[in-house]
Amino acid sequence: MKTIGILGGMSAASTQTYYRTLCDLTRARMGGLHSPELLIRSLDFAPIAALQAAGDWDAASAILNLHAKALQRGGAEIVLLATNTMHKLAAPMMAGVTIPLLHIAEATAARIARAGLKSPGLMATAFTMQESFYTGKLQAAGLTPILPEAEDRSEIHRIIYAELCRDITTASSRVSFEAIAQRLADSGADCLILGCTEIGMLLSQSNVTLPVFDTTLIHCEAALDLALAP
């Protein structure tokens, strides 16, 4: 098994999900006492979130690059960036790093395309929904992403940062997310991307009428496939 390096902490809530999911998938696939070979660099999210809000992506890139290099020095053979939003910085983060990055949007787009679906609704942070670094990967795979209306995008972003990143879930926010997912379906979406690694705390196939693609689960499954490949 190749060693998977996880660059996480953005937020800590989602990185916990990555660890648990990779452990569950490895046990299910390999049985017995097997668990994944992992290295985790978990960052303090507060400074990163402040840089996001300030639009200082160059400074954020430098931080991520420093830690990606540390993962490689530590023996990681694959890099997982455990956040959708920070894939905005995938290229500068990997400057000078020779091990591969498994891109979350590419893995998700491939899964949707294999399912024969074409028009995914996207729920994510405002950065992910409104900038081309993510939707461009979906379009390159032949998909036509459908975004929530501006008011819904603002509410999704607020709930992610004010609640989910702090490991808070509320019934009212669950209802709000369910309603936004339904509005995306009414707008023509044929599936739903949970495009922030924390959204699975509120939405799943059990409370969404559309086929759901959970990016955290997809990312972990793809990473394990790569780690176990000959």
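What share of the 230 residues of the protein chain counts as buried? With the whole chain selected, 53% of the residues are buried, a term that stands for under 20% relative accessible area with a 1.4 Å probe and protein chains only. This is a predicted model, in which local features need pLDDT of at least 70, side-chain atom pairs count only at pLDDT 80 or more, and totals for chains, interfaces and linings use all residues. Residues are numbered from 1 along each chain as its sequence is written, and side-chain values use heavy atoms, with hydrogens and water left out.

Keep the whole chain in view and trace its C-alpha atoms, which span about 45 × 40 × 35 Å along the principal axes.

Next, select helix H8 (150–162), one of 10 helices in the chain; helices are DSSP runs of H or I with at least four residues, numbered from the N terminus. Show the side chains of Asp 152, Arg 153, Ile 156, Ile 159, Ile 160 and Tyr 161, which are buried in H8. Adding H2, strand E4 (120–123), helix H6 (126–130) and helix H9 (171–186) brings up the elements that these buried residues pack against, where contact means heavy atoms within 4.5 Å and a strand is a DSSP run of E with at least two residues.

Finally, turn to the largest cavity, a set of points on a 1 Å grid over the protein atoms alone where a 1.4 Å probe fits but cannot get out. Of its 13 lining residues (an atom within 4 Å of a point), select Met 10, Thr 83, Thr 85, Thr 125 and Cys 196, the closest to the centre. Helices H2 (45–54) and H8 each supply at least two lining residues.

Terms used:
1 Å grid on protein atoms, 1.4 Å probe; cavity = no way out; pocket = protein on both sides within 12 Å on 5 of 7 lines; lining within 4 Å. Buried < 20%, exposed > 50% of the residue type's maximum accessible area, 1.4 Å probe, protein only.
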